[in-house]
Amino acid sequence: MTDRRAHLELIRLMAKGDADSYRRHCAELDAEGWDGFGEVVGAAFFIAADRAFASNVSTGEVIRFVADARAEIQDTGFDLDPKAAETLILAAKTGKADALEQLDQQTIIENEMLLLWKFLGDLEDEELNGFLRDVDTLAEQWSKE
């Protein structure tokens, strides 16, 4: 089993809004390596999107969610690519990943992380711990495929 604790901790720090610890942890990962991070973020995003939206989510609902997320982060120095964010959510909900082929890995990870901030920001510690356990399990399954 792969040790994903450092990557999961980064998601926890981001969800809790602990910017200083998040930056320190990023610096540690810069030194140690980011191998496997994309898989962990992808698993986290897939689970969060699945929990946030009904299976029959409309494009309009997704557009409104992304617009709300962009409004919330407008003063942070970060921004979502609205088309990429909408594509990611709809691909997670429909299983139709063809549109993702138009996005580069950096765009995918950046937008997934920003959306995760929106998805996870209101979770209590116990809920977040359970979520991260589920992420670790899914990432492990994906690593074996």
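Is the crossing of H4 and H5 left-handed or right-handed? In this predicted model, the crossing of these two helices is right-handed. The points below describe that helix pair and then the two pockets that rank highest by volume, the largest at about 630 Å³ and the second largest at about 290 Å³.

**Packing of H4 and H5**
- Helix H4 spans residues 59-73 and helix H5 spans residues 82-94; their axes come within 10 Å and cross at roughly 130°.
- The two helices are therefore oblique to each other.
- H4 makes the contact through Thr59, Val62, Ile63, Phe65, Val66 and Arg70, while H5 contributes Pro82, Ala85, Glu86, Ile89 and Leu90.
- Sorted by class, this contact comprises 8 nonpolar, 1 polar and 2 charged residues.

**Largest pocket**
- The largest pocket encloses about 630 Å³ of space.
- Its lining has 22 residues, and those closest to the centre are Met14, Tyr22, Phe78, Met113 and Leu114.
- At least two lining residues come from each of helix H1 (5-16), helix H2 (19-32), helix H3 (37-52) and helix H6 (105-120).
- H6 gives the most to this lining, with 6 residues.
- The lining of the largest pocket contains 14 nonpolar, 4 polar and 4 charged residues.

**Second largest pocket**
- The volume of the second largest pocket is about 290 Å³.
- Lining this pocket are 15 residues, with Gly42, Leu88, Leu100, Ile108 and Glu112 nearest its centre.
- H3, H5 and H6 are the elements that supply two or more residues to the lining of the second largest pocket.
- By class, that lining has 10 nonpolar, 4 polar and 1 charged residues.

Terms used
Residues are numbered from 1 along each chain as its sequence is written. This is a predicted model: local features need pLDDT of at least 70, side-chain atom pairs count only at pLDDT 80 or more; totals for chains, interfaces and linings use all residues. Side-chain values use heavy atoms; hydrogens and water are left out. Axes are lines fitted to C-alpha atoms, for helices over the stretch in contact, and angles run from 0 to 180 degrees between N-to-C directions. Helices (H or I, at least four residues) and strands (E, at least two) are DSSP runs, numbered from the N terminus. Angles under 35 degrees count as roughly parallel, over 145 as roughly antiparallel, 65 to 115 as roughly perpendicular and the rest as oblique. A crossing is left-handed if the near helix is turned anticlockwise from the far one by less than a right angle, and right-handed if clockwise. Contact means heavy atoms within 4.5 Å. Ala, Val, Leu, Ile, Met, Phe, Trp, Tyr, Cys and Pro count as nonpolar, Asp, Glu, Lys and Arg as charged, and the others, Gly among them, as polar. On a 1 Å grid over the protein atoms alone, a cavity is a set of points where a 1.4 Å probe fits but cannot get out, and a pocket is an open set with protein on both sides within 12 Å along at least five of seven lines; lining residues have an atom within 4 Å of a point. Grid points are joined across faces, edges and corners, and a volume is the space filled by probe spheres set on the points.
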